[in-house]
Structures are given as structure tokens and as C-alpha cells.
Amino acid sequence: MSFLVIDIGNTRLKWGLYATPAPGSELLAHGAVVLEDIDYLWDLYWKNLMHKPTAMLGCVVAGEAIKRRVEEQLVEGWGIQPRWVSSSQQAGGVVNSYEHPQRLGSDRWAAIIGARRHAAHLHPVDTPPVLAVMVGTAVTVDAVDADGRFLGGLILPGFGLMYRALESGTAGLKVPTGEVRDFPTNTSDALMSGGTDAIAGAIERSLRRLRAHTGRDPLLIMSGGAVSRLSQDVIEWPALVVENLIFEGLLTLASALKE
């Protein structure tokens with residue numbers, strides 16, 4: 001029995017096919033498609049899969065039209081009943097301290113649960129606090145204490161949104177992509193360095209706050225399509241990059257649903 005997980009973000013749908021609905025399961029196939037091509041998902045990827053999923057779990061932040069089109073392909077292609085994550089007060093070993101728990105984005109909730117699960121797997125006896133960072137269209141920076149309580153977090157623009165905001169709000173900033181420099185001497189490098197420092201600064205401030213709050217050094221776990229732009233020399237804190245953090249959270253939730 002194989003199991004399909006789906007993450008429908010702001011710009012892309014990412015999917016992974018796993019051997020079983022459990023954390024640490026073997027990844028059999030995976031892929032991604034931009035939302036503009038969502039109608040071709042079945043023909044491009046799914047219809048030729050060697051292993052056919054018998055169930056799925058997903059998270060979605062895109063609109064209802066995108067969600068319905070994916071559901072149609074799941075039902076018509078495999079006869080799978082779609083199941084989507086909704087944030088809750090408690091799940092997957094995490095207690096949700098959001099003011100209105102159900103309003104927390106389901107992708108953030110899955111990433112937080114995945115990060116907590118990853119930290120507990122690495123340190124089963126004495127799990128540290130964890131800061132879960134997703135670097136995509138938007139950047140989320142979410143803090144979990146050593147007891148598994150999600151304390152809260154930040155949302156800020158990703159690299160692309162920062163660039164577009166500056167391009168639309170100022171004159172003459174349509175320049176090529178630059179490099180991260182300590183002291184930029186051209187506009188391209190100034191834009192790249194400014195955006196990178198803004199994101200890195202938010203992460204480092206959150207790490208300091210979490211350490212002060214818990215009295216322990218947090219584990220920094222990072223993921224997302226643009227995470228490679230935040231190299232180790234940019235953030236002055238050891239970071240663990242987990243390629244499919246949201247998928248880990250979805251598998252953790254799927255495993256709990258089976259019990």
C-alpha cells in the first residue's frame with residue numbers, strides 16, 4: 001500500500017508518494033508542478049506511476065478552484081477520497097498555542113509537526129526546543145518549546161516578494177539577480193544582500209528569543225524551495241536542512257489517523 005502526500009502552496013503543488021503512511025517511510029516518487037499547470041498534473045505525472053496510492057493526505061493554502069481540480073484528478077484517476085489537514089488545538093505531538101488554532105495555515109501546522117517529530121527522532125530522551133523555518137514564496141519562522149508547545153511565529157515576504165515589492169514601489173530597480181556581500185557596491189548585490197539579511201535577521205532574533213524563553217539552545221530546522229539561499233555563512237547558527245519537512249508532518253498526522 002503506497003500513500004500520497006500533497007502540499008499545495010502559493011505558487012506550486014508538491015507531491016510525494018511513500019511506501020506507507022508513516023514518518024521515515026521510503027519515498028517512492030515525488031514531483032512538483034506550478035499552479036498554472038495544475039490541469040495537467042494527472043497526464044504529466046500521476047497516470048504513469050509504477051506504484052498506485054490507495055490513500056492520501058494533503059495541506060492546501062491555494063484557492064478552492066485549485067483544490068477542486070486536484071480532487072477531481074484524485075477521484076477520477078485513482079478513486080481516492082481526498083483528505084486535507086486542518087489546524088487543530090493538538091496533533092502529532094504538538095500543542096497549538098495560536099490565538100485561534102484553526103486559523104493557523106495548514107502548511108505551517110504540518111511543517112511545525114514535522115520539525116517537532118524530526119527533533120524528537122534525533123533527541124528522543126531530551127528533545128530540545130525547535131525553530132521551524134520554511135523559505136518559499138513567504139517565509140515562516142515558528143517556535144516550539146521542549147515540551148512540544150507551539151509558541152507562535154513570524155510570517156515575512158520571501159525573496160521574490162521582496163524583489164517585486166521594490167520593483168513596483170520604486171524607480172529603476174529592475175536589475176539582475178545579485179550576490180550576498182558584506183558591503184554591496186552595486187544595486188543587484190544590495191537587493192540580494194538586503195533581502196537575505198532581512199530573512200536571516202528575523203531567524204536569528206527568533207532563535208535568541210526562543211533560547212531566552214526556554215533556557216536552552218534551540219534546534220534550527222529549515223526547509224522550502226529557496227532555503228539554499230540561506231547558506232551556513234549567512235545565518236550564524238547551526239542549521240539542519242530537511243528537504244521535505246511538510247511531508248514529514250503530513251506522514252506524522254497520517255500515522256496518527258491510522259491508530
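This is a short selection-by-selection tour of the structure. The model is predicted, and residues are numbered from 1 along each chain.

**Stop 1: strand 1**

Select residues 2-8, which make up strand 1. Seven of the seven residues here are buried, so the strand is largely enclosed by the rest of the structure. Turn on side chains. Ser2, Leu4, Ile6 and Ile8 point one way, while Phe3, Val5 and Asp7 point the other way. In a regular strand the side chains alternate between the two faces of the sheet. Residues on both sides of strand 1 are buried.

**Stop 2: the partners of strand 1**

Strands of a sheet pair through backbone hydrogen bonds, either parallel or antiparallel. Strand 1 offers both cases. Add residues 53-60 to the selection for strand 4, which pairs with strand 1 in the parallel sense over seven bridges. Now add residues 12-18 for strand 2, which runs antiparallel to strand 1 and is joined to it by six bridges. Strands 1 and 2 form a hairpin, with three residues between them.

Center on Phe3. Which residue stands opposite Phe3 in strand 4? Ala55 does. In strand 2, Phe3 stands opposite Tyr18. Then move along to Asp7, which has Lys14 opposite in strand 2.

**Stop 3: strand 2 and strand 3**

Stay on strand 2. Five of its seven residues are buried, so strand 2 is largely enclosed by the rest of the structure. Extend the selection to residues 27-34, strand 3. Strands 2 and 3 run antiparallel and are joined by seven bridges. For one bridge pair, pick Gly16 and its partner in strand 3, His30.

**Stop 4: a nonpolar patch**

Switch to a surface view and select Tyr40, Leu44 and Tyr45. Together they make a nonpolar surface patch of about 310 Å². Leu44 is found in helix 1, residues 41-44. Is Leu44 buried or exposed? Leu44 counts as exposed because its relative accessible area is 52%, and the cut-off for exposed is over 50%.

**Stop 5: the seven-stranded sheet**

Go back to cartoon view. Seven strands form an open sheet in the order 5-6-9-8-7-10-11, with mixed pairing. Its edges are strand 5 (90-91) and strand 11 (239-241), each of which pairs on one side only.

Inside that order, select strand 8 (residues 138-144) and strand 9 (residues 149-157). They pair in the antiparallel sense over seven bridges. Val139 stands opposite Leu156 in strand 9.

Now show helix 3, residues 106-122. Which strands does helix 3 lie across? Its list is strand 5, strand 6 (94-96), strand 7 (130-135), strand 8, strand 9, strand 10 (219-223) and strand 11. Helix 3 runs at about 135 degrees to strand 7.

**Stop 6: Val135**

Finish in strand 7, at Val135. This residue counts as buried because its relative accessibility is 1%, and the cut-off for buried is under 20%. Show its contacts, leaving aside neighbours within four places in sequence. They are Phe159, Met222, Ser223, Gly224, Gly225, Ala226, Val227 and Leu230. As a last step, draw a C-alpha to C-alpha distance from Val135 to Ile199: the two are 64 residues apart in sequence and 9.0 Å apart in space.

Definitions and conventions:
This is a predicted model: local features need pLDDT of at least 70, side-chain atom pairs count only at pLDDT 80 or more; totals for chains, interfaces and linings use all residues. Side-chain values use heavy atoms; hydrogens and water are left out. Patches are made of residues with over 30% relative accessible area and no salt bridge: like charges are joined within 9 Å, nonpolar side chains (Val, Leu, Ile, Met, Phe, Trp, Tyr) within 5 Å. Accessible areas come from the Shrake-Rupley method with a 1.4 Å probe; for residues, only the protein chains shown count as cover. A salt bridge is a side-chain nitrogen of Lys or Arg within 4 Å of a carboxyl oxygen of Asp or Glu. Helices (H or I, at least four residues) and strands (E, at least two) are DSSP runs, numbered from the N terminus. Buried means under 20% relative accessible area, exposed over 50%, partly exposed in between (1.4 Å probe, protein chains only). Two strands pair if DSSP finds at least two bridges between them. Contact means heavy atoms within 4.5 Å. Axes are lines fitted to C-alpha atoms, for helices over the stretch in contact, and angles run from 0 to 180 degrees between N-to-C directions.
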